[in-house]
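Work through the exercises below with the sequence and the model at hand. Each task is followed by a solution in steps.

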Amino acid sequence: MLTSIRPDTFRQILLGAGILFTRLDHHGITTCAALRERMQAAMDQPGALLGTTKGPGEIHIKPIYHQLSINDLRTPTAGALRVDGWTVRVTGTLAEVSPRTLAALLPFAQVSQGEQCSRLSLSHQPAGASAIPCLTWVGDLGMGLMVVDIPQAVNTLGVELKLNPQGEGTIPFSFLGQLPLQEDGAAAPCAIHFFQEDRDHTP
């Protein structure tokens, strides 16, 4: 496995990088200190950590507008502009290469684990999970942490693996959030949480 996870990764994450979780239960968490403890516990759980991000990341939350046709109205007018839905996307570069990471980045991938060899198989049919039920990105804002939950996240970039001479690999990603079919389309497929830095905390 090619990875950028090191013993000091957790400290570096809190100093300005980011981290992606496929399972991070932060319900009821209200402080940065408690969030850090929950993140550390999640990092020790198999399958909960997707990997760290490298370089700049972006969060795109865009409303989808349409204008009502009222008496041949052509100029945008208050009351005539409607929001049909939302496009929510998290983009960046993942500094983690493993069979599980690749499977998470490809919507219909399966991993067969052998004793010394793992096989990644791909299909255009939904043989595996088509989306990550809840992808969570945690990033540093300098004065605190921001947590972004993306439900039913699908990476629409596929995989473009880049290897460097130091033996590390990076993969660009672009996760699109989705709402379950039964939910109201007026809601945006994301939840954003801000945690103010504890005053007595020194990274």
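Strands are DSSP runs of E with at least two residues, numbered from the N terminus. The model is a predicted one.

**Exercise 1.** State which strand holds Ile 61 and how its accessibility is classed.

Solution. Step 1: Ile 61 lies in strand 4. Step 2: buried means under 20% relative accessible area and exposed means over 50%, with partly exposed in between. Step 3: Ile 61 has 33% relative accessibility, so Ile 61 counts as partly exposed.

**Exercise 2.** Find the nonpolar surface patch that includes Ile 61, and the strands that supply it.

Solution. Step 1: the patch is formed by Ile 59, Ile 61, Tyr 65, Leu 81, Val 83, Trp 86, Leu 141, Ile 192 and Phe 194. Step 2: together these residues have about 820 Å² of accessible area. Step 3: at least two patch residues come from each of strand 4 (58–67), strand 5 (81–94) and strand 13 (191–196).

**Exercise 3.** Describe the protein as a whole.

Solution. Step 1: there are three helices and 13 strands. Step 2: 35% of the 203 residues count as buried. Step 3: the protein exposes about 12,100 Å², of which carbon and sulfur atoms supply 54%. Step 4: among contacts with a separation of 6 or more, 63% are between residues 24 or more positions apart.

**Exercise 4.** Which elements have the lowest and the highest mean pLDDT?

Solution. Step 1: the average pLDDT of the protein is 80, and 80% of the residues score at least 70. Step 2: helix 1 (residues 9–13) has the lowest mean, 42, and helix 2 (residues 32–43) the highest, 92. Step 3: the pLDDT is below 50 over residues 7–16, a stretch with 19 contacts in the model beyond near neighbours in sequence. Step 4: predicted coordinates should not be read in detail where pLDDT is low.

How values were computed: Residues numbered from 1 in each chain as written. Predicted model: local features only at pLDDT ≥ 70, side-chain atom pairs only at ≥ 80, totals over all residues. Heavy atoms only, no water. Helix = DSSP H or I, 4+ residues; strand = E, 2+ residues; numbered from the N terminus. Buried < 20%, exposed > 50% of the residue type's maximum accessible area, 1.4 Å probe, protein only. Contact = heavy atoms within 4.5 Å. Areas by Shrake-Rupley, 256 points an atom, 1.4 Å probe, with all protein chains shown as cover. Patch = residues over 30% accessible without salt bridge, like charges linked within 9 Å, V, L, I, M, F, W, Y side chains within 5 Å. Salt bridge = Lys/Arg side-chain N within 4 Å of Asp/Glu carboxyl O. pLDDT = per-residue confidence, 0-100.
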